[in-house]
Amino acid sequence: MNNKALAMVFQQVNKPFKANHLSIPSLNAGEVLVKTTYTTICTSDLHTYYGRRPGTLPSILGLEAIGEVADLAPEGIYSYDGERLQLGDRITWAVYAHNPQGLAAQRGFPQKSVGLYKYGHELLSENNTLNGGFATHCLLRNGSTIYKVPGELTPPEAALLNCTHATVAGALRLAGSLRDKNLLVSGAGMLGLSACAMARESRVRRIWVSDLNEERLQQAERFGVDDCLVVTSEDYLNQKIDDEVDIVIETTGAPQAIEQCIDTLSIGGVIILVGSVFPQPNISLSAEQLVRKLLTVRGLHNYIPDDLAAAIRFLRKTRNKYPFHSLVEKEFPLSELHQAFEEGNNSKYYRVGVRMPPLNDKFTS
């Protein structure tokens, strides 16, 4: 096996990535070396790269990734489903490694564990290397939750699992039963489309989706939506809805959108915030409204391992029903990662894919 990996290193905000050949370290107990095969550029990557939220420098970005097992710690590693991993297995992994015996994990919040190790966010150093998706290899640390990827899923479909779909599965878990409920999805981006499709499979009664972009709303019609609402920042969203709203999944993070979504909720309504992952002005809430209408406001940052398992089951069951494969609209080789980010930052695309080079490919930047 080649003892060097090729990584595109994030060194400065909105500056070209630097191609580095990094040594592949020997594996410690509980570790897995992955040959990365495909990665998509998620919104979190864009926020970090363009300085819209703090990021660690230098680092290897990349959350939404899949790959093949290239090497294993000698004692053996098992997947989430209890299967022993083998060389060549096609896998994805939770976006973080954690201590399952820690207090936060025992309380049900493993994504907030002390010492959490988050792929695509960690400092790149001599002793902490190959920790993101935009490299030919990724080293999965002890405490990572690993999943076998169903063979029928294409790379663009599968790469979306461990960030987009798992996050939405977590949001719907927090929302509770959707059966015969009315749902509003705020934002028709990747998270929003996933939320619409996943909710439709949960026997929701009616789904509205709101967005500023009419083209995105047209796309949403392919993902189980009943009603599409074109909005502007001046609109009163509740005046566009002709029925009670039981649940809101808010994916935009825009303060005015959040406030208007809360106003739409009926008595006993629940709003789950998943898009508020970068700095924005504070929102204004009426405590009296929350009390009198018995409202619940919950936030989700990342997800728990069960959510990624649920996302895999969902996509495997519905891949021929909802065209998620079509949402990765452009692809670039790893060597053109800067161009890929420029395209991804253009709201025209839901996702941009990044293909990995052959192991013997050499390039510099």
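## Close-up views of the predicted model

**View 1. F17 is buried, with a relative accessible area of 2%.** Buried here stands for under 20%, exposed for over 50% and partly exposed for in between (1.4 Å probe, protein chains only). You are looking at a predicted model, in which local features need pLDDT of at least 70 and side-chain atom pairs pLDDT 80 or more, whereas totals for chains, interfaces and linings use all residues. Residues are numbered from 1 along each chain as its sequence is written, and side-chain values use heavy atoms, with hydrogens and water left out. The whole structure holds 14 aromatic pairs (Phe, Tyr or six-membered Trp rings with centres within 6.5 Å; stacked under 30 degrees, edge-to-face over 60, tilted for the rest). One of them joins F17 to F341 in a tilted arrangement, with 5.0 Å from centre to centre and 55° between the planes. F17 belongs to the loop between strand 1 and strand 2 (18-23) and F341 to helix 10, so this pair ties together parts that are 324 residues apart in sequence. Helices and strands are DSSP runs numbered from the N terminus (H or I, at least four residues; E, at least two). Like its partner, F341 counts as buried, here at 0% relative accessibility. Both rings also belong to a cluster that ring pairs build from F10, F17, Y49, Y50, F134 and F341.

**View 2. Helix 10 (residues 337-344) has L337, H338, A340, F341 and G344 as its buried residues.** Look down the helix axis and these buried residues fall within an arc of 160° (taken from the directions to the C-beta atoms), so they line one face of helix 10. Their cover includes strand 1 (4-9), helix 1 (43-49), strand 15 (328-333) and strand 16 (351-355), with contact meaning heavy atoms within 4.5 Å. F341 will be familiar from the first view, where its ring is paired with that of F17. F341 has 0% relative accessibility.

**View 3. The rings of Y80 and Y147 have their planes at 25° and their centres 5.1 Å apart, so this pair is stacked.** Y80 sits in the loop between strand 4 and strand 5 (90-97), and Y147 in strand 8 (residues 144-148); the pair links distant parts of the chain, 67 residues apart. Is Y147 buried or exposed? At 3% relative accessibility, Y147 counts as buried, whereas Y80, at 31%, is partly exposed.

**View 4. L130 and L294 each have a positive phi although neither is a glycine.** For L130 phi is about 50°, and this leucine is placed in the loop between strand 6 (117-118) and strand 7 (137-140). L294 has a phi of about 55° and lies in the loop between helix 8 (287-292) and strand 14 (296-299). Have a look at the surroundings too: L130 is buried, at 0% relative accessible area, whereas L294 counts as exposed, at 55%.

**View 5. L57 and P58 are joined by a cis peptide bond.** Omega is about -10° at this bond. P58 can be found in the loop between helix 1 and strand 4 (64-72).

**View 6. R319 touches E152, L153, T154 and E157, leaving aside residues up to four places away in sequence.** R319 is part of the loop between helix 9 (305-318) and strand 15. A polar atom of the R319 side chain lies 3.3 Å from the backbone oxygen of E152.

Technical notes: A polar contact is a pair of N or O atoms within 3.5 Å; within protein, one must be able to donate a hydrogen and the other to accept it, and residues adjacent in sequence count only if both atoms are side-chain atoms.
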